[in-house]
Amino acid sequence: MAQTRGWRPMTAKDLDDVVAIASIGFPDHPEDRNCFASRLSVFPEGCFILDREAGTKGYLITYPWTANSAPVLNRTLAVLPDDVSVLYLHDLALHPDVRGEGWSRSAMDNVLAVATRGGWSGVALVAVNEAVDFWRRHGFEVQQTSAMAAKLASYGADARYMVRRV
């Protein structure tokens, strides 16, 4: 699998670094090591690490998912749903040391490459931490439905379901 500038495939050895970066990037949405390990296990081709000389500085986790749906926070996945139709961008987290250096653009190159290889026409995510504008700059649009509003309640009041066409 080709990797995009600075990003490499994630391995099980990276999970402690993933948990550490997640605790910085998503303090109000904690997920444990088993949650990340399950995503790596069910779809390793969608998991990446930003490796720099100073160590791991970011991670990216994607996997196939059902459109207009969001996985439950901090729940392990044993298998993917039968009715997958989009690539779900679970997390993109960057250590504060490298934010603003353009790594989200190269991460999105990886996301779009994975989506294209998988034949998915869209990428979906749940924006948290007031990140809607950040994701809009990457081509995502908010899709609000009453069904999704109830599903997003556990993500926080500012959570928005967003989709980008590939």
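Strands β5 (residues 122-127) and β7 (residues 160-165) pair in the antiparallel sense over six bridges. Here, strands (E, at least two residues) and helices (H or I, at least four residues) are DSSP runs numbered from the N terminus, and two strands pair if DSSP finds at least two bridges between them. Within β7, Met162 is the bridge partner of Leu125. Strand β7 also pairs with β6 (residues 141-142), in the antiparallel sense over two bridges, and there Val163 in β7 is the bridge partner of Glu141.

Please keep in mind that this is a predicted model, in which local features need pLDDT of at least 70 and side-chain atom pairs count only at pLDDT 80 or more, while totals for chains, interfaces and linings use all residues. Residues are numbered from 1 along each chain as its sequence is written, and side-chain values use heavy atoms, with hydrogens and water left out.

Now to the interior. The largest nonpolar core holds 55 residues, and Trp7, Met10, Tyr59, Leu89, Val126 and Trp135 touch the most other members. Such a core is a set of buried Ala, Val, Leu, Ile, Met, Phe, Trp, Tyr and Cys residues joined through side-chain atoms within 4.5 Å. Buried means under 20% relative accessible area, exposed over 50%, and partly exposed in between (1.4 Å probe, protein chains only). Beyond its neighbours within four places in sequence, Leu89 is in contact (heavy atoms within 4.5 Å) with residues including Leu60, Met108, Val123, Trp135 and Phe140.

Helix α1 (residues 15-25) has Leu15, Val18, Ile21, Ala22 and Gly25 buried. Seen down the axis of α1, these residues fall within an arc of 120° (taken from the directions from the helix axis to the C-beta atoms), so they line one face of the helix. Among the elements covering them are α2 (33-42), β2 (47-52), β3 (55-65) and β4 (86-94).

Another helix, α3, spans residues 103-118 and includes Ser104. Ser104 is buried, at a relative accessible area of 11%. Leaving aside neighbours within four places in sequence, Ser104 is in contact with Leu92, Leu94, Phe134 and His138.

Finally, a look at two loop residues. Most residues other than glycine have a negative phi. The table shows two with a positive value.

| Residue | Phi | Loop | Relative accessibility |
|---|---|---|---|
| Asn74 | near 55° | between β3 and β4 | 34%, partly exposed |
| Glu130 | near 55° | between β5 and α4 (132-137) | 72%, exposed |
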